[in-house]
Amino acid sequence: MTKQTSTSKDICKTLLDYALNEAPTGAKARVVMGESGKKSVGVLNGKPQSYDNAQTRSVSLTVYIGQQKASASSEDFSDAALKKLAHETVLMAKATPANKDAMLAAKGQFLENVEELAKPLDLHDDGPHPDVTELQDMAFALENAAKATKGVRCKSVNTSFNYSTTTVLTSEGFNAQVKSTSFVPMLQTIAGEGGTQTTAYSYRVCRHREDLPAMETIGKEAAEKASAKQGAKPVPSGKMTILFDREVSPDLLGMFAGAISGMAVDKGTSFLKDSMGEQVFAKGITLTDDPTIPRGLGSDPCDSQGIPTEKLDLVKDGKLQHWLLSLASAKRLGLEPNGRGDGVTNLVMQPGTTSRDDLIAGVEKGILVTGMIGHSSNLTTGDFSRGAEGFLIENGKITQPVHEITIAGNLKDMFLNMTPADDLKLDLSIAAPTVRIEGMTVAGK
Amino acid sequence: MSNPLEQKIGLDAQALIPIVGKATKGADDGELFVENVLSESVILDDGEIKSTSFNNSMGFGLRRVVDEFQAYVYSNDLTKGAIEKAAKELSAAAPGNGTLAMPPVGTITPVYPEVSPLSADYDLPKRIKLAQEIDAYIRGYDNRVRQVQVVISANVQDVLIVRPDGHVATDRRPMVLLVVSVTMDDGTRRETGRANYSRRDGYKGIFDGWKAVADRALKQVDVLMQSVPCPAGEMPVILGAGGSGVIFHEAIGHGLEGDSIRTGSAFSGMMGKQVAAKGVTIVDDGTIEGSRGSLNIDDEGTPTENTTLIEDGKLVGYMNDRLNARLHNMKPTGNGRRQSYRHRPLVRMRNTYMLNGTENPADIIKDTKRAIYAVDYSGGQVDTAAGKFVFQATEAYLVEDGEIKAPVKGATLIGSCLDALMNIDRIGNDMRLEYAGGTCGKNGQSAPVNDGMPTVRMTGGIIVGGTAHD
């Protein structure tokens with residue numbers, strides 16, 4: 001009898017055994033179990049707004065019969081439910097036609113000792129979980145710091161603590177359990193009144209409590225951002241130089257990561273599909289994907305198939321060096337998998353040598369973009385069009401806040417015309433310095 | 001124990017009332033929300049069945065509301081012991097001395113069948129065969145087709161809501177979804193087009209009507225293959241019937257959600273004022289038969305209704321959940337929705353649309369010198385406090401001298417919530433809802449919604465984000 005109190009490893013083992021018993025000889029299976037918890041508080045106007053406390057877990061099973069494959073997941077851990085899950089998944093796999101991507105990492109391909117190798121990554125804060133008072137004090141500190149800036153109030157203020165354990169077990173012997181924690185303070189601020197309100201937000205995600213900056217710093221930062229936007233207006237349309245602040249430049253790297261996915265490349269749905277070894281970014285630009293950064297938000301010794309990850313320069317001196325390859329996409333392309341079955345890990349654009357101020361000083365007319373709205377970018381064609389706000393640059397100086405404009409171009413040209421500043425900060429799993437791009441189209445009035 | 005959720009817990013809803021009572025003693029509101037979701041999908045990609053899956057998610061969330069403070073404990077341990085433990089934790093977390101708000105009132109008119117689409121009538125082999133048939137149809141239609149992706153999915157959500165005052169509500173909510181995506185390549189350029197179909201119903205609509213969805217995806221990608229760069233700058237925009245309705249969802253809807261009004265929306269304090277041109281009436285309606293955004297009751301147990309937001313251009317209503325209704329001293333409108341038991345209710349839209357005007361849509365185009373005519377979209381976003389919205393047109397055309405001319409590449413359109421709708425000068429009589437509706441994201445929660453509108457012309461206030469600048 002599997003009880004609600006059984007450990008993840010026990011449940012994974014039980015489910016794997018049930019599946020292999022149900023399936024024909026030679027079948028393979030993979031079980032993934034996620035256990036997570038969350039404590040979170042919200043405050044506003046000096047009063048508590050919300051308190052959430054949760055513990056949830058779910059288990060998923062994938063069965064492989066030759067090249068036939070099916071998956072199922074459940075949040076019911078009773079013995080009867082696990083048996084039924086195994087039975088139905090096997091039936092589904094039998095009914096599903098063979099598929100060339102159905103594969104499970106074999107011994108020799110997957111990483112052994114994942115738990116040992118994950119230790120130096122230090123993804124889990126072993127200290128006591130924060131209690132409600134600690135989270136509330138953090139949230140009040142955020143709000144008070146924001147309100148200290150004249151004319152600024154908060155729209156929402158939240159602090160949360162998350163913890164999770166992921167366990168993976170396969171019929172081929174892959175066996176991994178990784179634990180992680182995160183502390184997340186965030187707030188949204190409003191400056192001004194009525195129709196001239198401007199907004200901003202700030203947040204941090206830290207694996208360890210001791211890495212959190214002072215709440216006052218985050219609160220003040222969010223307040224100053226909202227306040228600096230007061231008096232924003234659109235600008236007339238035209239071709240301009242755009243600077244993407246390091247708060248928005250990681251978005252461009254995210255699109256790059258989507259475009260070098262091995263699967264998209266093999267299927268021909270990426271605008272970079274024929275660009276391996278070619279100049280895709282401006283000369284001098286290096287993009288590093290590093291899964292080994294201690295406490296990194298994307299750090300992992302292996303991908304979810306167990307294929308080991310290692311540090312890769314995806315782009316060197318502007319030239320494309322690697323696709324992001326899973327076991328399946330590597331096979332399609334006739335290459336070796338590189339542990340990127342789940343995408344990039346910690347993707348960083350290395351800083352340039354020019355300061356951000358010097359980049360701005362060199363712009364006759366342009367816009368420093370600090371926020372983007374909307375999601376329109378087409379990875380098949382590279383076409384890019386987004387709503388934007390920020391600051392007008394005239395004759396090398398920031399002259400006024402700008403909003404209600406769009407910026408458009410093609411990612412292929414944008415990457416090739418990019419100059420990074422030297423202000424890289426490694427705080428999120430995708431990080432880039434402020435970058436300057438020549439010749440984009442601004443639409444405004 | 002007739003309800004499947006009562007069976008899971010092993011207790012009648014009646015037996016849960018005292019536990020909820022303990023959790024909400026001295027509170028102003030609160031409830032137990034129990035949920036079970038069964039979902040299944042078939043994904044075809046690159047000519048093969050890439051994935052077949054089945055998921056079962058279940059759990060409860062117990063909420064205690066004191067004034068504006070909400071304490072929430074959730075878990076997927078569906079046992080009496082776990083619910084009792086949550087009740088204990090809640091009463092300690094949020095001390096209070098309030099009076100419990102009145103239970104939901106109103107009548108429920110069922111707007112979808114009380115069945116699970118996951119029935120044996122459309123078993124896995126049938127759904128796999130359909131996906132393959134759609135793939136073959138699209139590839140056979142045009143030799144420029146390089147990739148086809150088909151997603152056929154369905155889910156059924158059972159909810160049980162138990163209040164401390166003895167009010168018990170249940171709902172069974174079916175949903176089906178078909179997504180078809182087509183990539184074409186003619187040797188010089190490559191584009192992708194998409195079309196969806198979704199309803200609160202069984203699979204029958206998908207099995208009977210997939211060809212129209214495939215044809216829409218094919219048409220969209222064919223148009224994109226011929227598209228020229230889109231103009232950049234402020235210019236008149238004609239919004240096509242149906243698909244462009246997302247503009248009201250973003251420009252007006254989110255800013256009129258009660259929580260947003262309370263914490264700072266561009267529309268705060270504008271009740272009774274003219275916020276759109278005369279003739280513009282916009283509603284948020286939870287009661288449209290089978291529509292993706294429809295609900296019999298919201299996730300607090302309030303029966304849904306048709307809520308008028310803008311009447312003849314004047315702001316006349318907000319959307320409210322129970323908490324925001326109480327704080328605004330208004331009536332809950334049945335807009336309290338949650339993504340799952342893992343989430344507290346939020347004020348969310350349902351089916352948001354603009355009512356018909358009187359004009360023939362062809363006349364609107366005939367009378368326009370130069371504009372962008374936006375027919376289909378891929379999404380939108382809004383900053384409610386700053387009052388700025390965007391929406392992304394994926395199928396759009398240039399209109400010149402009263403005629404629809406070349407299709408233009410997809411572009412983002414941006415505008416200001418407070419003045420965009422003041423610039424509407426022509427309203428067609430061809431209102432329809434979107435074919436599929438979409439999924440709306442807010443504060444990390446997603447919710448199925450639908451939008452709609454007649455053909456409308458806006459003379460200004462919208463900036464078109466193309467690359468062609470003259």
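The paragraphs below lead from the overall form of chain B to its cores, its helices and finally its cysteines.

The model is a predicted one, and chain B offers a convenient place to begin. This chain contains 10 helices and 24 strands, and its radius of gyration of 24 Å is close to the 23 Å that the globule rule gives for 470 residues, so chain B is as compact as a globular protein of that length. Along the principal axes, the C-alpha atoms of chain B fill a box of roughly 70 × 55 × 35 Å. Of the 470 residues in chain B, 63% count as buried, and among the contacts between residues at least 6 apart in sequence, 75% join residues that are at least 24 apart.

The interior can be followed through its nonpolar cores. The largest of these has 57 residues, and Ile138(B) and Leu178(B) are the ones with the most contacts inside it. Helix H5 of chain B, covering residues 204-225, gives the most to this core, with eight residues. When neighbours within four places in sequence are left aside, Ile138(B) is in contact with Val145(B), Val148(B), Val180(B), Val182(B), Ala214(B) and Leu218(B). A second, separate core has 53 residues, and it includes Tyr51(A), Val157(A), Phe69(B) and Leu160(B).

Ile138(B) also belongs to the buried residues of helix H4 of chain B, together with Leu124(B), Arg127(B), Ile128(B), Leu130(B), Ala131(B), Ile134(B) and Asp135(B). These residues lie on the same side of H4(B), because they cover an arc of only 160° around the axis. This arrangement follows a general pattern: an α-helix has 3.6 residues a turn, so residues three or four places apart point the same way. The face of H4(B) turned away from the buried side carries the exposed residues Lys129(B), Gly140(B) and Tyr141(B). Helix H4 itself runs over residues 124-141, and its 18 residues reach 26 Å from the first C-alpha to the last, close to the 26 Å expected at 1.5 Å a residue. Its buried residues pack against helix H2 (79-95) of chain A, and also against elements of chain B that include strand S1 (29-45), strand S2 (48-66) and H5.

A contact with chain A appears again at Ala71(B), a residue of strand S3 (residues 69-75) of chain B. Ala71(B) is buried, with a relative accessible area of 0%. Leaving aside neighbours within four places in sequence, the residues in contact with Ala71(B) are Tyr51(A), Leu62(B), Arg63(B), Arg64(B), Leu90(B), Ala93(B) and Ala94(B). The C-alpha atoms of Ala71(B) and Glu89(B) are separated by 9.4 Å, although the two residues are 18 residues apart along the chain.

In chain A, helix H1 (residues 8-22) has 15 residues that should span 21 Å at 1.5 Å a residue, and this agrees with the 21 Å between its end C-alpha atoms. The buried residues of H1(A) are Ser8(A), Ile11(A), Cys12(A), Leu15(A), Leu16(A), Tyr18(A) and Ala19(A), and because they cover an arc of only 160° around the axis, they are on the same side of H1(A). What covers them includes strand S1 (28-44), strand S2 (47-65) and H2 of chain A.

Cys12(A) leads to the last topic, the cysteines. Cys12(A) has a relative accessible area of 0%, and its sulfur is 15 Å from the closest cysteine sulfur, in Cys302(A), which is too far for a bond because a disulfide needs sulfur atoms within 2.5 Å. Cys440(B) is likewise in no disulfide, the nearest cysteine sulfur being that of Cys417(B), 14 Å away, and Cys440(B) is buried, with a relative accessible area of 5%. Over all chains, the count of disulfides comes to zero.

Definitions and conventions
Residues are numbered from 1 along each chain as its sequence is written. Chains are lettered from A and ligands numbered from 1 in the order in which they are written. This is a predicted model: local features need pLDDT of at least 70, side-chain atom pairs count only at pLDDT 80 or more; totals for chains, interfaces and linings use all residues. Side-chain values use heavy atoms; hydrogens and water are left out. Buried means under 20% relative accessible area, exposed over 50%, partly exposed in between (1.4 Å probe, protein chains only). A nonpolar core is a set of buried Ala, Val, Leu, Ile, Met, Phe, Trp, Tyr and Cys residues joined through side-chain atoms within 4.5 Å. Helices (H or I, at least four residues) and strands (E, at least two) are DSSP runs, numbered from the N terminus. Contact means heavy atoms within 4.5 Å. The expected span of a helix is 1.5 Å times one less than its number of residues. The arc is that of the directions from the helix axis to the C-beta atoms. The radius of gyration is taken over C-alpha atoms; the globule rule is 2.2 Å times the number of residues to the power 0.38.
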